[in-house]
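Open your viewer and get ready to select a few residues by number. We will go from stop to stop and look at what is there.

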Amino acid sequence: MKRYMIERNIPGIGGMSLIELCGAARASNQAIDQLRPHVQWVHSYVAGEKTYCVYLAKDEVTIHKHAELSGIPVTKITEVQRIIDPLTANN
């Protein structure tokens, strides 16, 4: 599977309560259950009015299908080519 960064513009997400975020996570998990084994949610960052989600997926079509099933819109999908971190300097 490929790794993707998914940007989602969601007005008000930054001010959502934990209960509201739990509802969004449940909707995502239910969609993933329907698409298994072709998609896996790694984690998401909430920043202002957006989320940045890291997913493993077969392809972009699968990401769009997840958005349709979950009701969580996709603004932009970017395939992650490489991951670097402080340990990269040791190579």
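Is K65 buried, partly exposed or exposed? Select K65 and look at its surface: its relative accessibility is 34%, so K65 counts as partly exposed. Before we go on, please keep in mind that this is a predicted model.

**Stop 1: around K65**

Keep K65 selected and add E68. These two form a salt bridge, with their closest N and O atoms 3.5 Å apart. Both belong to helix α2, and because they are 3 residues apart there, about one helical turn separates them. As a rule, an α-helix has 3.6 residues a turn, so residues three or four places apart point the same way. E68 is exposed, with a relative accessible area of 58%.

**Stop 2: the other salt bridges**

How many salt bridges does a search of the whole structure find? The search finds 3, and you have just seen the one between E68 and K65.

Next, select E7 and K50. Their closest N and O atoms are 2.8 Å apart, and they form a salt bridge. This pair links distant parts of the chain: E7 sits in strand β1 (residues 2-9) and K50 in strand β3, 43 residues apart. Try showing the surface here: E7 is buried, with a relative accessible area of 17%, whereas K50 is partly exposed at 27%.

Now move to D33 and R36, whose side chains meet in a salt bridge at 2.9 Å, N to O. D33 counts as partly exposed, with 49% relative accessibility, and R36 is exposed, with a relative accessible area of 52%.

**Stop 3: helix α1**

Select residues 18-35, which make up helix α1. You can check the helix with the distance tool: its end C-alpha atoms are 26 Å apart, which agrees with the 26 Å that 18 residues should span at 1.5 Å a residue.

Which residues of α1 are buried? Colour S28, A31, I32 and L35, because these are the buried ones. They cover an arc of only 105 degrees around the axis, so they lie on the same side of α1. Give another colour to L18, I19, R26, Q30 and Q34, which are exposed on the other side of α1.

What covers the buried residues of α1? Show β2 (39-47), β3 (50-57) and α2 (60-70), which are among the elements that cover them.

**Stop 4: a closer look at S28**

Zoom in on S28, which lies in helix α1. Its relative accessible area is 2%, so S28 is buried. Leaving aside residues up to four places away in sequence, S28 touches W41, Y55, H66, S70 and I72. Show these side chains as sticks and turn the view to find each one.

**Stop 5: two cysteines**

Finally, select C22 and C53. How many disulfides does the structure hold? The count is 0. Why is C22 not bonded to C53? The cysteine sulfur closest to that of C22 is in C53, and it is 15 Å away, which is too far for a bond. C53 is likewise in no disulfide. The surroundings of these cysteines are also worth a look: C22 is partly exposed, with a relative accessible area of 32%, while C53 counts as buried at 5% relative accessibility.

Definitions and conventions
Residues are numbered from 1 along each chain as its sequence is written. This is a predicted model: local features need pLDDT of at least 70, side-chain atom pairs count only at pLDDT 80 or more; totals for chains, interfaces and linings use all residues. Side-chain values use heavy atoms; hydrogens and water are left out. Helices (H or I, at least four residues) and strands (E, at least two) are DSSP runs, numbered from the N terminus. The expected span of a helix is 1.5 Å times one less than its number of residues. Buried means under 20% relative accessible area, exposed over 50%, partly exposed in between (1.4 Å probe, protein chains only). The arc is that of the directions from the helix axis to the C-beta atoms. Contact means heavy atoms within 4.5 Å. A disulfide is a pair of cysteine sulfur atoms within 2.5 Å. A salt bridge is a side-chain nitrogen of Lys or Arg within 4 Å of a carboxyl oxygen of Asp or Glu.
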